[in-house]
Amino acid sequence: MATVELLFSALPEHVRTARLVAAAVARRAGVDEAVLDEVRLAVGEACTRAVGLHMSHGLSTPVRVSLIEDEKKFSIEVGDDAPHRRFTLPGGTLGATASASGAASASANGGRNGGGHAPGGGLIEADGALMPGAKDEIPEPVAEEDEGDGEMGLAVISGLVDDVEVTTDENGGVIRMSWPTAEPILP
Amino acid sequence: MDLSLSTRTVGDRTIVEVGGEIDVYTAPKLREQLVELVNDGSYHLVVDMEGVDFLDSTGLGVLVGGLKRVRAHEGSLRLVCNQERILKIFRITGLTKVFPIHSSVDEAVAATD
């Protein structure tokens, strides 16, 4: 199992970078060329949603993207630090409660990250609330006059991706998506 | 790639030619353009998306917002798009029922309701 992790400041201009990195890693992992457009769109939607949540909550912490290459599948996890709440996916998949999935996700993260991180330590660098001077950097909330509440992004993801889960961990919300892979590309 | 925008007039229609990527970063520019056109009295818009490489839900939101604005003036907003990967996004969100989607600018300009 190989993992690429990406942390980026919650700014709209960085979402494109996340899309490019995700597509590059997905291609290397053996995700079918025909599906790469879907990967690009889905990860963009998830990151856009996370950026919107960070901005509207005035969070200065980064958005976290994990690109995980397994034997037969490629997974992407996009994590935000927005306060927990229950998510409903269009189509009826309901995220688990914060406490239950938080525990499950913490152990999953611990296993996935091996010895590099403490179990459940996650990928987060700092608690936003504790960062000195954070208040000065809080951006204006995104104007959402036309864009609705951002849940259109979830609708697109659930329409695109068969295997998707919207849940929470100890930091905030997590969107987890995966795609099957062919034989990995050898160097 | 950034977003490119250009406009021209054909009869009573205003063609907005869009190129590049429409996402959370660039969509505000498209929204500004559409708002400006409607404020200046252009109520029949044709958005040519043949040069668009990427479109996400933020872009869809801006197009829906544009449609809402022109409809307030009994106008129209038509799209020109032949790219399957872009059309797919309209299909999975059900927006093919909301926007008239044409295969060429000429067809969109000639269309009436």
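Which strand of chain A is largely enclosed by the rest of the structure, and why? I shall begin with that point and work outwards to the partner chain. Please bear in mind throughout that this is a predicted model.

The strand in question is strand 5 of chain A, residues 173-180. Six of its eight residues are buried, so strand 5 is largely enclosed by the rest of the structure.

Let me place that strand in its chain. Chain A contains four helices and five strands, and along the sequence they follow the pattern β-α-α-β-β-α-α-β-β. The five strands form an open sheet in the order 1-2-3-5-4, with antiparallel pairing. At the edges are strand 1, residues 2-8, and strand 4, each of which pairs on one side only. On average, neighbouring strands in this sheet are turned by 15° against each other, direction ignored.

Strand 5 has a partner on either side in the order of the sheet. With strand 3, residues 73-79, strand 5 of chain A pairs in the antiparallel sense over seven bridges. Within strand 5 of chain A, A:Met177 is the residue that stands opposite A:Ile76. With strand 4, residues 163-168, strand 5 of chain A is joined by six bridges, and these two strands also run antiparallel. Here A:Arg176 of strand 5 stands opposite A:Glu165. Strands 4 and 5 of chain A form a hairpin, with four residues between them.

On the other side of the sheet order, strand 1 of chain A is joined to strand 2, residues 63-69, by seven bridges, again antiparallel. The bridge partner of A:Leu6 in strand 2 is A:Val65.

A:Val65 takes us to the interior. The largest nonpolar core has 66 residues, and A:Val65 is listed with A:Ala22, A:Val43, A:Cys47, A:Val78, A:Ile157 and B:Val47 as having the most contacts inside this core. Helix 2 of chain A gives the most to the core, namely nine residues. Which residues does A:Cys47 touch, not counting residues up to four places away in sequence? They are A:Val15, A:Ala18, A:Val63, A:Val65 and A:Val78.

Two figures describe chain A as a whole. Of its 187 residues, 40% are buried. Among contacts between residues at least 6 apart in sequence, 72% join residues at least 24 apart.

I turn now to the contact between the chains. Chain A gives 20 residues to this contact and chain B gives 17 residues. On the side of chain A that touches chain B, the elements giving two or more residues are helix 1 (15-29), helix 2 (33-56) and helix 4 (151-160). By class, that side of chain A has eight nonpolar, five polar and seven charged residues.

Next, chain B. An unreviewed UniProt entry places the feature "domain: STAS" at residues 3-112 of this chain. Over residues 3-112, chain B is 39% helix and 34% strand, and the end C-alpha atoms are 29 Å apart. Chain B has an open sheet of five strands in the order 1-2-3-4-5, with mixed pairing. Its edge strands are strand 1 (3-10) and strand 5 (101-102), each pairing on one side only. One parallel pair is formed by strand 3, residues 44-55, and strand 4 of chain B, over five bridges. In strand 4 of chain B, B:Ser76 is the residue that B:His44 stands opposite. Helix 1 of chain B, residues 27-39, lies across strands 1, 2 and 3 of chain B, at about 20° to strand 1.

Two loop residues of chain B deserve comment. Is B:Asp23, in the loop between strand 2 and helix 1 of chain B, buried or exposed? B:Asp23 has 24 C-beta neighbours inside 10 Å, and it therefore counts as buried. Leaving aside neighbours within four places in sequence, B:Asp23 is in contact with A:Val15, A:Arg16 and A:Gly44 of chain A, and with B:Phe54, B:Asp56, B:Thr58 and B:Gly59 of chain B.

The second is B:Glu74, in the loop between helix 2 (57-71) and strand 4 (76-80) of chain B. Most residues other than glycine have a negative phi. B:Glu74 is not a glycine, yet it has a positive phi of about 55°. With 8 C-beta neighbours inside 10 Å, B:Glu74 counts as exposed.

Technical notes:
Residues numbered from 1 in each chain as written. Chains lettered and ligands numbered in written order. Predicted model: local features only at pLDDT ≥ 70, side-chain atom pairs only at ≥ 80, totals over all residues. Contact = placed C-beta atoms within 7 Å. Nonpolar A, V, L, I, M, F, W, Y, C, P; charged D, E, K, R; others polar. UniProt positions renumbered as here; feature names shortened; annotations may be inferred. Buried ≥ 20, exposed ≤ 12 C-beta atoms within 10 Å, placed from the backbone. Core = buried A, V, L, I, M, F, W, Y, C linked by C-beta atoms within 7 Å. Pairing = 2+ DSSP bridges. Axes fitted to C-alpha atoms, helices over the stretch in contact; angles between N-to-C directions.
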